Structures are given as structure tokens and as C-alpha cells.
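The exercises below are meant to be worked with the sequence and the model open side by side. Each begins with a task and is followed by a solution in steps.

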Amino acid sequence: MTLEELLAREEITDVVKRLARGTDRLDEELIASCYHPGAIDDHNVFRGDGAAFARWVVETLPHFDATMHFVSPPLIELDMDRARADTYCVAHHLTATSDMVLGLRYVDRFERRSGTWRIAARVCAFDWTVTVPFDPARGFRFETGWTLGARDRTDITYSDFSFTLQED
């Protein structure tokens, strides 16, 4: 494998991970940046271009209390300035009383345009789903002072944080 192929694979993998982050943080700009202009996304309940998909995510997913997409390293087949990537994902969609868990795959066609790899077409293939009910009164409560995630740009992932350890 050449250095150029390794770099292409890493850039494609980073796009997959940025898209998962953008989805869970409801970051429309980050989601849209993962697609080439005119790219197609087929999530079954949504079909349209990448920019419209980004808008749909930030308008639709807030009815969940939280989402978290665990993506596998993609299986990538490179062919010059095009690539096919298969990425397995387990996605959690939480409400106050349940966790809808989805097993799915992203089947992507990536293209390198002007030196940049982005998605040109994506199909979301659903393999299974299960909804796990739970009683929120029995759930774990985070203690005061814990760092909690946020579904916007106030999340720690967007900050330039520093910390010091306190010795006992």
C-alpha cells in the first residue's frame, strides 16, 4: 500500500467520524462539510442532498434526549479518485423512557475533488433495531461537577480545554 493510499484511507475515515460527531452534536455545518455539493444521502426516512440532510438532522433529532453513533473503522476500497466505504454503526436514540438501538451500515461512495475526500453518495442500510424501555427513576444520576455532553457547540469537544489534577 502506498503512502497516498494510506492518507486517503485516513481522510475518508476522518469524514466518517466527523459526520457521527456532527450528528450527535446537532452541528449542521459539520455534517454538511462531510458531503460534496450535490451529494446524495438516502437515510430511508430522508432522501436528498448533503446540505438538506444536515438541516434535517438538526430539525429532527432534537426530539430525542440524546443520540450516540458508534462507528466501526470503515472497510474502504480505493479506485483512483473514488472509493467505496462500508461502515458498521450502532446508534442509540434516547428518550426519557427508552433507548431505540439501531444496527446499521453506511454504504458510501467517496470522491476526491480538488484534493479533498468527501461523500458523493450515501445509503443507510438498516440491519436490526430494538427498543429498550427503562424507568428513569432507577437510572444513574451524574453528580454535581461532572463534565456532561451537550448537543451543540457548547460541548467540550469544541472547547480548548485545559485541566490540572488535584492531589489528595
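**Exercise 1. The chain as a whole**

Determine what share of the contacts in the protein chain with a separation of 6 or more comes from residues 24 or more positions apart, and then describe the chain's overall make-up.

Solution. Residues 24 or more positions apart account for 56% of the contacts with a separation of 6 or more, where a contact means heavy atoms within 4.5 Å. Before going further, note that this is a predicted model, in which local features need pLDDT of at least 70 and side-chain atom pairs count only at pLDDT 80 or more, whereas totals for chains, interfaces and linings use all residues. Residues are numbered from 1 along each chain as its sequence is written, and side-chain values use heavy atoms, with hydrogens and water left out.

Next, count the elements: the protein chain has three helices and seven strands, which are DSSP runs numbered from the N terminus (helices H or I, at least four residues; strands E, at least two). Along the sequence they follow the pattern α-α-β-β-α-β-β-β-β-β. The C-alpha trace spans about 55 × 45 × 25 Å along its principal axes.

Then turn to the surface. Of the 168 residues, 35% count as buried, a class that means under 20% relative accessible area, with exposed meaning over 50% and partly exposed in between (1.4 Å probe, protein chains only). The accessible surface comes to about 10,700 Å², of which 55% belongs to carbon and sulfur atoms; such areas come from the Shrake-Rupley method with a 1.4 Å probe, and for residues only the protein chains shown count as cover.

**Exercise 2. Helix 1**

Check whether the end-to-end distance of helix 1 agrees or disagrees with the span expected for its 22 residues.

Solution. Helix 1 covers residues 3–24, and the expected span of a helix is 1.5 Å times one less than its number of residues. For the 22 residues of helix 1 this should give 32 Å, and because the end C-alpha atoms are 32 Å apart, the two values agree. Within helix 1 the buried residues include Ile-12, Val-15, Val-16 and Leu-19, as well as Thr-23 and Asp-24. After helix 1 comes Leu-26, whose phi is positive, near 55°.

**Exercise 3. From strand 4 to strand 7**

Work out in which sense strand 5 and strand 6 pair and over how many bridges, and then treat the strands on either side in the same manner.

Solution. Two strands pair if DSSP finds at least two bridges between them. Strand 5 (residues 82–94) and strand 6 (residues 98–113) pair in the antiparallel sense over 13 bridges, with Arg-84 standing opposite Arg-109 of strand 6, and a hairpin of three residues joins strand 5 to strand 6.

On the N-terminal side, strand 4 (75–79) runs antiparallel to strand 5, to which five bridges join it, and Leu-78 stands opposite Ala-83 in strand 5. Their hairpin has two residues between the strands. Met-80, which is not a glycine, has a positive phi of about 60° and, at 70% relative accessibility, counts as exposed.

On the other side, strand 6 and strand 7 (residues 116–133) run antiparallel and are joined by 16 bridges; here Arg-105 has Ala-125 of strand 7 as its bridge partner. The hairpin of strand 6 and strand 7 also has two residues between the strands, and Ser-114 takes a positive phi near 50° in it.

**Exercise 4. Strand 1 and the loop after it**

Is Phe-46 buried or exposed, and which residues does Phe-46 touch beyond four places away in sequence?

Solution. Begin with location: Phe-46 is found in the loop between strand 1 (35–42) and strand 2 (47–49). Its relative accessible area is 10%, so Phe-46 is buried. Leaving aside residues up to four places away in sequence, Phe-46 touches Asp-41, Ala-52, Phe-53 and Trp-56.

Asn-44 lies in this loop between strand 1 and strand 2 as well; although not a glycine, Asn-44 has a positive phi of about 70°, and at 37% relative accessibility it counts as partly exposed.

Finally, Pro-37 is found in strand 1, and because its relative accessible area is 67%, Pro-37 is exposed. Pro-37 and Asp-127 are 90 residues apart in sequence, and 29 Å separates them in space, C-alpha to C-alpha.
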